[in-house]
Amino acid sequence: MSGPVIARVAVDLAIGKEFEYLVPDALIGVLKVGCRVRVPFGRQRILGYVTALTGEAEFALNRLKPIQELVHQSPLLTEEILRLSRWLSTYYCCSLETALKSVLPVAVRREEARFRKRLMVRVMPPADGDEAPGRSDLTPRQKEVLEIISEWREMPMQDLLKTAGCTAQVVRKLEQKELVQIREEVSERDPGAGDSIVPTHALALNPEQAEALHKVRESMDSGNGAVHLLFGVTGSGKTEVYLQAIEVALKKGQGAIVLVPEISLTPQTVERFRARFSSGPQSTGVAVLHSHLSSGERHDEWHRIRNGRARIVIGARSAVFAPVRDLGLIVVDEEHEHSYKQEESPKYHARDVAVMRGHLEKATVLLGSATPSMESYRNALEGKYTLLRLNQRADDATLPVIRVVDLRMEKRARKGQSVKSRFSPFTLPLKEAILQRLERREQTMLFLNRRGYSNNLMCHECGHVAGCPRCSITLTFHKSLGVLCCHLCGYREKSPGRCRECGSKEIEFLGLGTEMVEESLHELFPGAAIARMDSDALKKKEDFKRILSEFRIGRTDILIGTQMITKGLHFPNVTLVGIIYADLSLHMPDFRAGERTFQLITQVSGRAGRGDIEGEVYVQSFTPFHPAIQFARRHDYEGFYEQEAEFRQQLNYPPFGRMAMLLFRGPDEEKVSGIAMDVRQNLEKLLDGFPSLTIAGPGPAPLLRAEDEFRYQLMLRTRNMSRLSQYLSEWLSGYRLPAGYRLSVDVDPMFTA
Ligand code: ADP
Ligand code: ZN
Ligand code: ZN
């Protein structure tokens with residue numbers, strides 16, 4: 001006699017608790033951990049996941065209600081993914097349900113999400129060679145349609161209607177005469193359908209690549225879940241190493257996940273993977289997961305991975321949770337990228353999740369970058385990760401020459417000139433370099449990480465600067481729209497033409513934006529073909545593709561853009577790259593500002609000279625001797641790391657200490673700061689004696705006011721974050737804030753500003 005079976009269920013409400021239900025007899029043996037179920041909850045019926053099956057209830061058995069319905073036959077969550085979700089919820093201090101929301105795409109979770117059905121039309125074979133009875137009295141039209149179907153034997157209704165140019169009624173008539181059969185079939189939406197793929201083959205590896213691959217293969221053979229940091233300069237052939245490592249996985253019958261930052265997930269990138277695995281003995285589907293898929297496409301891609309027909313997944317952040325079976329390898333390209341961090345709860349970092357998933361599933365993890373994050377590099381130095389180096393560009397191109405242009409000198413030289421020319425975005429050396437490229441019919445990319453025209457509308461009479469009434473930041477002027485706009489909350493007002501405070505017309509535009517750069521370019525180089533790429537210029541989904549393809553075929557001479565143009569783009573004819581204003585990232589009130597600037601210069605430089613001609617980079621800056629700029633100029637990562645590490649170590653900042661940031665928000669400033677103070681006192685008591693702990697604050701966040709809310713923060717630093725977040729998680733689940741006030745926890749924050 002076996003006793004009752006009890007299921008623990010995490011319901012779709014973020015209440016941080018699992019509930020017990022009885023498994024009805026009919027579902028015993030069928031119901032598995034990870035299954036989607038419908039259960040009674042209070043007076044409602046809601047959906048949830050089975051997180052465990054046991055024989056013992058914590059609750060009195062007679063008070064348990066039975067599970068009402070099994071929603072999907074097969075479990076949506078594997079045991080491994082469930083374990084990963086539990087880790088996610090503890091480490092990032094959120095409820096299990098919130099973690100599960102990130103793990104499964106909405107399109108899969110939603111009950112009504114289903115495969116699309118389509119109608120198929122098939123000819124019925126004539127009985128015993130006789131003419132079917134209905135065949136003789138067909139109209140010419142019906143005969144014609146029947147002939148088309150016979151030719152194909154079976155075809156989708158939609159295609160038939162198009163080919164025959166007839167209505168569905170004609171086909172239904174044929175069905176009545178039992179000449180054809182119409183049936184429903186599950187059809188998968190394939191976002192890659194219609195692409196034609198030219199297969200590629202593995203390249204012979206140069207010695208550095210071969211050595212790297214050898215190490216990765218060893219790890220895959222032993223199934224130890226080890227992490228490798230592939231530190232290779234831009235263009236050193238990291239992607240080729242990924243491709244061949246994936247091939248190793250496929251040969252073992254395993255699958256692979258490739259994470260790339262959302263903005264590098266271009267058709268060009270995906271094609272490189274599809275092309276390699278579209279044919280040959282290891283051919284398999286390559287599924288793509290990113291935010292531009294329709295929810296139907298996402299649903300189908302997810303199931304294509306789940307049922308093993310696509311063994312390779314390429315995607316942005318959330319693809320780290322893809323339900324790949326027998327996972328052998330996880331690649332995280334551009335591992336230093338900040339977009340791997342999710343900004344909403346759970347505020348996870350996909351690279352760190354990848355490392356944890358690799359550990360849980362014994363899959364090898366391969367992190368790649370030309371500018372590794374200091375966290376990963378330190379792990380490599382400490383021997384936690386295996387360091388693999390690619391020092392040479394694979395295509396024998398040399399790294400570009402980086403020239404730093406001192407904006408202070410320029411400004412002095414222009415003193416006394418008109419306001420307009422004083423704030424031209426172009427220094428003389430950069431202007432000349434662009435001109436040279438135009439003459440030689442080579443291309444230029446210009447980078448400035450601020451869209452709009454100018455973000456500082458300042459009055460010369462009274463010094464007033466136009467700011468957002470709801471946030472503590474300045475408004476950005478968008479000349480083409482004639483509006484001032486808040487880039488944080490979207491607030492807009494018509495551009496004034498005079499000072500809002502004193503009415504003076506002496507207002508000046510300070511603080512460059514891409515729109516102003518574009519305007520100056522047109523004035524300086526009237527004959528040149530110029531395109532701008534930032535989120536303002538991209539109105540439609542196709543704009544991105546169009547602007548890039550026009551640049552690729554050489555129809556555009558100069559491309560100006562925000563960070564959108566820094567990643568993964570490969571244009572052999574680009575021989576000049578200009579960074580209009582490097583100080584922009586340098587002066588962010590964040591301890592990673594220097595690291596970010598170093599990465600930015602290096603990455604942007606990687607766009608120059610990827611063809612036969614040597615590339616050149618101009619970096620314009622008011623602080624040309626800043627170490628981040630100087631080390632980047634010399635392509636000296638280690639040098640930068642060492643000097644930056646010194647200051648981080650002193651302050652116990654990452655990668656030495658770890659951080660958790662508590663952000664308090666609410667309508668009343670005094671109350672927000674009071675709550676923050678109260679929490680600090682609570683935590684001091686709770687964490688009394690916790691090793692290596694520092695609590696800083698509370699204090700106003702660098703962005704004190706956003707969207708009409710005040711923001712205060714509290715920063716915790718420790719060397720043992722796993723333990724600290726366990727304490728925090730538990731404490732938070734019992735903490736209640738007054739209505740209208742919020743507290744969010746960010747473990748390992750990427751931005752402290
Ligand atoms: P990364 O990912 O490091 O930026 P890529 O993988 O894009 O570099 O490689 C840069 C270029 O070098 C590509 O055009 C690629 O086809 C080429 N390449 C890579 N490995 C080799 C190799 N072993 N032999 C010849 N060309 C290679
Ligand atoms: Zn004024
Ligand atoms: Zn605002």
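**Strand pairings and a buried alanine**

Strand E27 (residues 658-666) runs antiparallel to E30, and 6 bridges join the two. The model behind this description is a predicted one. Within the pair, Met661 sits opposite Asp746 of E30. Strand E30 itself covers residues 742-747 and is mostly tucked away, with 5 of its 6 residues buried.

Turning to the N-terminal part of the chain, an open sheet of 5 strands turns up, with antiparallel pairing and the order E2-E1-E4-E3-E5. The edges are taken by strand E2 (19-22) and strand E5 (69-70); each has a single partner strand, so one side of each goes without a neighbour in the sheet. For E2, a pairing with strand E1 (residues 6-11) is made in the antiparallel sense over 4 bridges. Here Ile6 stands across from Leu22 in E2. Helix H2 (residues 96-103) packs on this sheet, where it touches E1 and strand E4 (44-54). The direction of H2 makes about 75° with that of E1.

Ala706 is worth a look of its own. This residue belongs to strand E28, which spans residues 694-706. Is Ala706 buried or exposed? With a relative accessible area of 6%, Ala706 falls under the 20% cut-off and therefore counts as buried. Setting aside neighbours within four places in sequence, Ala706 is in contact with Arg470, Cys471, Leu488 and Arg711. Ala531, for its part, lies 175 residues from Ala706 in sequence, and the C-alpha atoms of the two are 33 Å apart in space.

Note on methods:
Residues numbered from 1 in each chain as written. Chains lettered and ligands numbered in written order. Predicted model: local features only at pLDDT ≥ 70, side-chain atom pairs only at ≥ 80, totals over all residues. Heavy atoms only, no water. Pairing = 2+ DSSP bridges. Contact = heavy atoms within 4.5 Å. Axes fitted to C-alpha atoms, helices over the stretch in contact; angles between N-to-C directions. Buried < 20%, exposed > 50% of the residue type's maximum accessible area, 1.4 Å probe, protein only.
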